[in-house]
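Colleague: I am new to this structure. Please take me closely through one part, the surroundings of the ligand, and then place that part within the chain.

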Amino acid sequence: MKKVGVLDLQGGVEEHINLLDKIDNVESIRIKKAEQIDSIDALILPGGESTTMSKLIKKYNLSEKIKNFKGPIWGTCAGLILLSKKIENDEKTETLKLLDITVKRNAFGSQLNSFIKKEKISVLQYPFEMVFIRAPIISKTNNNVEIIAKTNDKIVGIKQGNIIGTSFHPELTNDKSFHEYFLSLIK
Ligand code: GLN
C-alpha cells in the first residue's frame, strides 16, 4: 500500500483525495501536522491560494519537514508556486525553494482566468487535458530542471529529481494517469 499525503491546510485537497481513492493500493492521508509527514511515501501540495497556504505552512511549522522529505513531492498550481525558488511578481510570499525555478503568479491574465487545453506531456503517452485556474507559469528554469509540459509556448510543467510542479490541475479531470505517473516515482 502506497501512503500519499495531501497537505490539508487550504485549497483543493478533496479533489486530489477523490482521485487518489480511485487508484488501487493507495491510501490517501490528509496532512495537517508536521509529524504525519514521517509516515508517508509521497506528498502533494494542492492548488488554492499560495499566500494563505504559505502563512499556514509557517504557522504549523511544516516548512522544515517538507524540505527534508525524501519521497516524491508534487505541487499543483499554488502548490507549484510554494515549491519554487522565486516568485517574480510577489516578493512577500515565502516559498519552500525546493525547485530551481522562477514562477509568475496569475500569468495568463484576466481574459484567460480559467481554460482547458489538451496537450502532449513528455511523461505521458497521449495528450492530456490540462485545466488551468488563475494559473502561474514557470518563467525561468535552471539546467537541472526538466520541462515536461508547455502550452502556448509557456512552461506549465517541470520535474527536478523526484519533485514535480504543474500549473494545471490533473485532479480536476477524470483521468488518473498523471497521478499514476507521480506514484510511479515512489521507490
Ligand atoms: N492564483 C493562485 C495563487 O497565486 C493559484 C491558483 C490555483 O491554485 N488554482 O496562489
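**The surroundings of the ligand**

Modeller: Ser50 lies in helix H2, and this residue is a useful place to start. The model is predicted, and what follows should be read with that in mind. Ser50 counts as buried because it has 27 C-beta neighbours inside 10 Å, where 20 or more are needed. Leaving out residues up to four places away in sequence, Ser50 touches Ala78, Ile81, Leu82, Thr93 and Arg105. Ala78, Ile81 and Arg105 are, like Ser50 itself, among the residues around the ligand.

The full set around the ligand is Gly47, Gly48, Glu49, Ser50, Cys77, Ala78, Ile81, Arg105, Asn106, Ile133 and Arg134. By type, this shell has four nonpolar, four polar and three charged residues.

Just before Ser50 comes Glu49, in the loop between strand E3 (42-45) and helix H2 (50-59). Glu49 has 16 other C-beta atoms within 10 Å and is therefore partly exposed, whereas Ser50 is buried. Beyond its sequence neighbours up to four places away, Glu49 touches Gln10, Gly11 and Ala78. Ala78 is also on the contact list of Ser50.

Two other members of the shell have an unusual backbone angle. Most residues other than glycine have a negative phi. Asn106, however, has a positive phi, near 45°. Asn106 sits in the loop between strand E6 (99-104) and strand E7 (114-119). It is partly exposed because it has 15 C-beta neighbours inside 10 Å. The phi of Arg134 is positive too, near 40°. The position of Arg134 is in the loop between strand E8 (128-133) and strand E9 (137-141). Its 18 C-beta neighbours inside 10 Å make Arg134 partly exposed as well, since the buried class begins at 20.

Now to the records. An unreviewed UniProt entry gives the annotation "binding site" to Gly48, Glu49, Ser50, Arg105, Ile133 and Arg134. These residues are spread over 87 residues of sequence, yet they cluster in space, with a largest C-alpha distance of 13.0 Å. The residues of the model's ligand shell include Gly48, Glu49, Ser50, Arg105, Ile133 and Arg134.

Another annotation from the unreviewed UniProt entry, "active site", is placed at Cys77, His169 and Glu171. Although they span 95 residues in sequence, no two of their C-alpha atoms are more than 11.2 Å apart, so they gather at one spot. Cys77 is listed among the residues around the ligand, and the link between the two annotations can be followed through its contacts.

Cys77 is found in the loop between strand E4 (73-76) and helix H4 (78-83). It is buried because 29 other C-beta atoms lie within 10 Å. Setting aside neighbours within four places in sequence, Cys77 is in contact with Gly47, Ile133, Ala135, Pro136, Ser167 and His169. Of these, Gly47 and Ile133 belong to the ligand shell, Ile133 carries the "binding site" annotation in UniProt, and His169 carries the "active site" annotation there.

His169 lies in the loop between strand E12 (163-166) and H5. With 24 other C-beta atoms within 10 Å, His169 is therefore buried. Apart from residues up to four places away in sequence, it touches Gly47, Thr76, Cys77, Val131 and Ile133. Gly47 and Ile133 thus appear on the contact lists of both Cys77 and His169.

As for the setting, the chain has five helices and twelve strands. Its C-alpha trace spans about 40 × 40 × 30 Å along the principal axes. A compact globule of 187 residues would have a radius of gyration near 16 Å, and the chain agrees with this at 15 Å. Of the 187 residues, 40% count as buried. Among contacts between residues at least 6 apart in sequence, 67% join residues at least 24 apart. The contact of Cys77 with His169 is one between distant parts of the sequence, as the 95-residue span of the annotated "active site" suggests.

One helix shows how burial is arranged elsewhere in the chain. In helix H1 (residues 13-20), the buried residues are Val13, His16, Leu19 and Leu20. They lie on the same side of H1 because they cover an arc of only 140° around the axis. Among the elements that cover them are strand E1 (2-7), strand E2 (26-31), E3 and helix H5 (177-183). Two of these elements border loops already described: E3 comes before the loop of Glu49, and H5 comes after the loop of His169.

Conventions: Residues numbered from 1 in each chain as written. Predicted model: local features only at pLDDT ≥ 70, side-chain atom pairs only at ≥ 80, totals over all residues. Near = placed C-beta within 6 Å. Nonpolar A, V, L, I, M, F, W, Y, C, P; charged D, E, K, R; others polar. Helix = DSSP H or I, 4+ residues; strand = E, 2+ residues; numbered from the N terminus. Buried ≥ 20, exposed ≤ 12 C-beta atoms within 10 Å, placed from the backbone. UniProt positions renumbered as here; feature names shortened; annotations may be inferred. Contact = placed C-beta atoms within 7 Å. Rg over C-alpha atoms; globule rule 2.2 N^0.38 Å. Arc of directions from axis to C-beta.
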